[in-house]
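Open the model in your viewer and set it to a cartoon view. This tour goes through a helix pair and then some cysteines.

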Amino acid sequence: MHNTARFTLDPAFTVGQVNPRLFGSFVEHLGRCVYTGIFEPDHPTADEDGIRTDVLDLVRELGVTAIRYPGGNFVSGYKWEDSVGPKEDRPRRLDLAWRSTESNRFGLSEYIAFLKKIGPQAEPMMALNLGTRGVAEALELQEYANHPAGTALSDLRAAHGDKDPFGINLWCLGNEMDGPWQTGHKTATEYGRVAAETARAMRQIDSGVELVACGSSSQSMPTFAEWEATVLAETYELVDYISLHAYYQPEDGDLDSFLASAVDMESFIENVVATADHVGAKLKSKKKINLSFDEWNVWYISEWHAIENSAARDWAEAPRLLENNYSVMDAVVFGSLLIALLRHADRVTVACLAQLVNVIAPIMTEPGGPAWRQTTFFPFAQASQHGRGEVLDVRVDSPTYETKKYGEADLLHATAVRAEDGTVTVFAVNRDRTEALPLEVALSGLDLTTLVEHSALADADPDARNTLDDPERVVPHPVEGTTLQDGTLTAVLEPLSWNVIRLA
């Protein structure tokens, strides 16, 4: 067993309040996310609108808030008008992003209705097509969606059966426009201009809209940081957020680096904050730009690249794409990514787990069959339930290990959130694949006397997964032996584990 990892919690030292939008997700017209995922009218559990109620129950349990839609790469060829009005009149279109055929049977109205069924915590986050379209189409969509009545487009919405406005307040100005793979890919200067023009015009309709400018698709992009600086120089006073996207997978069997993926995620966040603040300083602005980490997950992207250009993808409708099946190890890395987001809750105020159902998702379905929880479902659901409140500043003193990609990394990755009622939840990952890690937490100035629970996601087989045949193979389990005495929490974290320790 290792030497003990330690940190101190003190209510005087905080990071910031957790914005509920940190627990957002993402629904793209990609593979089976929408069709046979969320929407399957002839499924035994489907409601009158064709929404799978078994999926709806799991989405509520997952605890997602803002849901970004309809893409993703898909949005850069999207015509919103195709997705409204009577379903039988909606056109079928080629989707260039995923080389699929889009039927548009699920569209804007269905998306808003789906959010309402989830509950009041589910908020729309609409992406605009700035790839093949521009300012005019963005304004038309805004008018159709949000204007109360009395104009051509607001009356058209009412004629389509939606008298009440959709009230979409959070908008993404395009998607991954830095990426050469994006339909309508632009340089930073080109994109900065169209984003600024769109933002200015949208604010003429509603000065209170919240707008997300496209940041880099990953920290490894050759244009990273220069892209953010150029885009923000054009848009700084017009937007509220800059976006970040990041996906992680083991490369060449290097599991130690994979387990330290959050080291990269935290540096990405800190580098974007530094870049944004530099632009603000140059402009002598008092405003701070927040971060919208609106795509993040574990994604075995090399598997996708292997089929990306194959004939297997010839314009099928809702094909099986990106259906990664997640292991215990994936779930531990995933939990560590959640910890990274919480540790930067002062500036990351929107985050979207990509995606919600079937496509690199915590929830899987079979057409006509069951829905079940992947291993990654549990860390998200627990963080969304218990990670609300104020993030306490956690500075760990931890044994370390060497990684090929990120150098020396801590074996312990942790954060803690203090709820309004004074209870505290510690989220902690042990990155060691074979050895347990003793943990000692000093509680200073916190009136905590009771250990409510210590639950862990871990397994003797790090490759264990939940599947159609064995949907409950991996679930969190209670941990014995954890104590809270005289202001000190003592625990042992199992090898390769995600831990939730609740104190009252």
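Helices α1 and α2 are oblique to each other, because an angle that is neither roughly parallel, roughly antiparallel nor roughly perpendicular counts as oblique. Keep in mind that the model is predicted.

**Stop one: the helix pair.** Select residues 53-62 for α1 and residues 108-118 for α2. Two packed helices are described by the angle between their axes and the distance between the axes. Here the angle is about 60° and the axes lie 9 Å apart. Turn the view until one helix lies over the other: α1 passes α2 in a right-handed crossing.

**Stop two: the contact.** Show side chains for L56, V59 and R60 in α1, then for F114, K117 and I118 in α2; these residues meet. Sorted by type, the residues of this contact are four nonpolar and two charged, with no polar one.

**Stop three: the cysteines.** How many disulfides does the count come to? The count is zero. To see the reason in one case, select C33 and C352 and look at their sulfur atoms. The closest cysteine sulfur to that of C33 is in C352, 12 Å away, which is too far for a bond, because a disulfide needs the two sulfur atoms within 2.5 Å.

Now add C172 to the selection. Its sulfur is the nearest cysteine sulfur to that of C352, at 6.9 Å, and C352 is in no disulfide.

**Last stop: burial.** Switch on a surface and look for C33 and C352. Is C33 buried or exposed? C33 has 0% relative accessibility, so C33 counts as buried. C352 is also at 0% relative accessibility and therefore counts as buried.

Note on methods
Residues numbered from 1 in each chain as written. Predicted model: local features only at pLDDT ≥ 70, side-chain atom pairs only at ≥ 80, totals over all residues. Heavy atoms only, no water. Axes fitted to C-alpha atoms, helices over the stretch in contact; angles between N-to-C directions. Helix = DSSP H or I, 4+ residues; strand = E, 2+ residues; numbered from the N terminus. Parallel < 35°, antiparallel > 145°, perpendicular 65-115°, else oblique. Left-handed = near helix turned anticlockwise from the far one by under 90°. Contact = heavy atoms within 4.5 Å. Nonpolar A, V, L, I, M, F, W, Y, C, P; charged D, E, K, R; others polar. Buried < 20%, exposed > 50% of the residue type's maximum accessible area, 1.4 Å probe, protein only.
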